[in-house]
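This report walks through a few selected parts of one structure, beginning with the ligand and moving on to charged pairs and single residues. Please keep the sequence and the 3D view at hand while reading.

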Amino acid sequence: MNTPDIRALSREELDALVNDLGEKPYRARQLWDWLWRKGAHGWEEMTDLPKAFRERLAGAGLLLPITLAEEQRSEDGTVKCAFRTHDGHVVEGVLIPTPTRLTACISCQVGCSLTCSFCATGKLKRVRNLTAAEIVDQVVLIDRLARKYYEQGLTNIVYMGMGEPLLNYAEVLRSAERISAEDGLGMSPRRLTVSTAGIAKMIRRLADDDAKFNLALSLHAANDAKRGRIMPINEQNDLATLKDALRYYTRTSGKPITFEYVLLRGFNDGLEDARELVKYASDVHAKVNLIEYNPTGDGEFGRTDAKDAEAFQRFLEEKGVTARIRRSRGRDIDAACGQLANKNKVLGNAEG
Ligand code: SAH
């Protein structure tokens with residue numbers, strides 16, 4: 001048996017490989033532990049495995065970890081990481097400290113195919129999906145930074161970095177399983193949130209597959225004409241289609257939905273927009289996170305003034321929709337929502 005990526009193997013396949021290499025079954029358990037719980041990124045780290053076995057493993061499969069190529073710290077304590085894949089691509093992840101949480105924001109694709117007009121990642125082209133192992137690696141590496149800078153491990157994970165999680169469905173689900181499994185990183189799935197631009201078919205599938213993590217939907221407009229202007233994905237997944245899928249999801253999973261809504265000045269922050277949002281959010285019993293717009297450099301959109309954002313929030317609350325304003329973090333280093341775009345190209349420049 002020869003495999004390019006040892007972490008693409010299921011537990012059963014790994015058992016078979018270890019058996020083929022003539023080792024006892026408990027060696028597979030040790031190896032699995034190194035790969036998925038201890039985050040080993042080289043065979044030499046697996047010190048309790050016999051050297052001869054490690055050499056045979058290295059001949060049978062590859063370990064293809066993501067490495068931390070560069071980190072930047074914001075004045076508010078946010079840390080942006082540039083990660084390099086084994087084949088030389090760069091994706092970004094962010095450590096976001098708040099008084100009560102240490103959250104990792106991670107990427108699931110190199111680039112993105114969705115071209116949302118307000119998002120910096122949308123200006124990159126999609127290069128490839130990340131594997132479950134590459135997604136888990138980001139969590140392991142950001143967790144190490146959390147321990148280094150804040151003496152505490154991660155409390156939350158959000159799939160809100162580069163890429164569209166539901167267009168990399170199988171690997172995203174497998175990564176969430178590995179992050180929450182007892183023989184993985186052991187974090188409660190309630191502390192994981194996957195954010196989608198809205199792929200109706202896959203939202204239904206999450207419910208059918210009984211996915212345990214939280215789901216957030218990037219709404220940004222509750223009106224098809226407006227949403228279509230900023231999110232091309234709305235063409236195949238219009239608001240009515242999404243609503244059906246979301247209702248199916250909440251009914252089947254018994255879990256609530258959160259809407260993300262970036263306030264764009266003069267575009268989606270008026271009274272009529274708020275009315276449409278109230279109607280739509282009420283129909284699916286969704287909470288709303290109002291997100292401050294972060295500039296992406298093209299000057300197309302502007303940020304809603306704080307007092308207008310508060311008025312928008314109050315309107316939603318008065319109509320019975322739970323709404324919170326999420327202040328942005330890490331803006332000074334382009335680490336905030338929608339700003340991940342590999343601005344500091346680190347290829348061939350592995351400092352930090
Ligand atoms: N593709 C997924 C995951 C990315 S999440 C999704 O669309 O949900 C990134 C979040 O940041 C989304 O809610 C996205 O809409 C938001 N965002 C994108 N660009 C932004 C910007 N310039 N300012 C603030 N938020 C932005």
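## Polar contacts of the ligand

In the side chain of Glu164, an N or O atom lies 3.1 Å from a nitrogen atom of the ligand. This distance, like every other value in the report, is computed from a predicted model. The side chain of His220 also takes part, with an N or O atom 2.5 Å from an oxygen atom of the ligand. In the case of Cys337 the backbone is involved, since one of its polar backbone atoms is 3.3 Å from a nitrogen atom of the ligand. Taken alone, the ligand would expose 540 Å², and the protein buries 95% of that area.

## The shell around the ligand

The ligand is surrounded by 21 residues, and those that come nearest are Phe118, Ser195, Ser218, His220 and Asn294. Sorted by class, this shell holds 9 nonpolar and 9 polar residues, together with 3 charged ones.

Which strands each supply at least two residues of the shell around the ligand? Strand 10 (192-196), strand 12 (257-263) and strand 13 (287-292) each do so.

## Salt bridges

A search of the whole structure finds 24 salt bridges, and a few of them can be looked at together with the accessibility of their partners. The side chains of Glu177 and Arg178 meet in one of these bridges, with 3.0 Å from N to O. Arg178 counts as buried because its relative accessible area is 4%, whereas Glu177, at 41% relative accessibility, is partly exposed.

Lys38 and Asp33 form another salt bridge through their side chains, at 3.9 Å from N to O. Here Lys38 is partly exposed at 34% relative accessibility, while Asp33, with a relative accessible area of 18%, is buried; the cut-off for buried is under 20%. A further salt bridge joins the side chains of Asp308 and Lys307, with an N to O distance of 3.8 Å. Asp308 is partly exposed, at a relative accessible area of 35%, and Lys307 counts as exposed because its relative accessibility is 58%, where exposed means over 50%. Elsewhere, Glu23, Arg27 and Arg56 are joined into one network by salt bridges that share partners.

## Glu134 in helix 4

Glu134 has its place in helix 4, which covers residues 132-150. Is this residue, Glu134, buried or exposed? With a relative accessibility of 2%, Glu134 counts as buried.

The side chain of Glu134 makes a polar contact of 3.0 Å with the side chain of Arg128, and the side chain of Glu134 also reaches the backbone nitrogen of Thr131, at 2.9 Å. If neighbours within four places in sequence are left aside, Glu134 is in contact with Leu64, Ile66, Thr85, His86, Arg128 and Asn129.

## Ile142 in helix 4

Helix 4 is also where Ile142 is found, and this residue, Ile142, counts as buried because its relative accessibility is 0%. When residues up to four places away in sequence are not counted, the residues that Ile142 touches include Cys81, Phe83, Gly93, Val94 and Leu95, and also Ala104, Cys105, Ile106 and Leu154. For one of these, Cys105, the separation can be given in two ways: Ile142 and Cys105 are 37 residues apart in sequence, and their C-alpha atoms are 8.9 Å apart in space.

Key. Residues are numbered from 1 along each chain as its sequence is written. This is a predicted model: local features need pLDDT of at least 70, side-chain atom pairs count only at pLDDT 80 or more; totals for chains, interfaces and linings use all residues. Side-chain values use heavy atoms; hydrogens and water are left out. A residue is near a molecule or strand if one of its heavy atoms lies within 4 Å of it. A polar contact is a pair of N or O atoms within 3.5 Å; within protein, one must be able to donate a hydrogen and the other to accept it, and residues adjacent in sequence count only if both atoms are side-chain atoms. Accessible areas come from the Shrake-Rupley method with a 1.4 Å probe; for residues, only the protein chains shown count as cover. Helices (H or I, at least four residues) and strands (E, at least two) are DSSP runs, numbered from the N terminus. Ala, Val, Leu, Ile, Met, Phe, Trp, Tyr, Cys and Pro count as nonpolar, Asp, Glu, Lys and Arg as charged, and the others, Gly among them, as polar. A salt bridge is a side-chain nitrogen of Lys or Arg within 4 Å of a carboxyl oxygen of Asp or Glu. Buried means under 20% relative accessible area, exposed over 50%, partly exposed in between (1.4 Å probe, protein chains only). Contact means heavy atoms within 4.5 Å.
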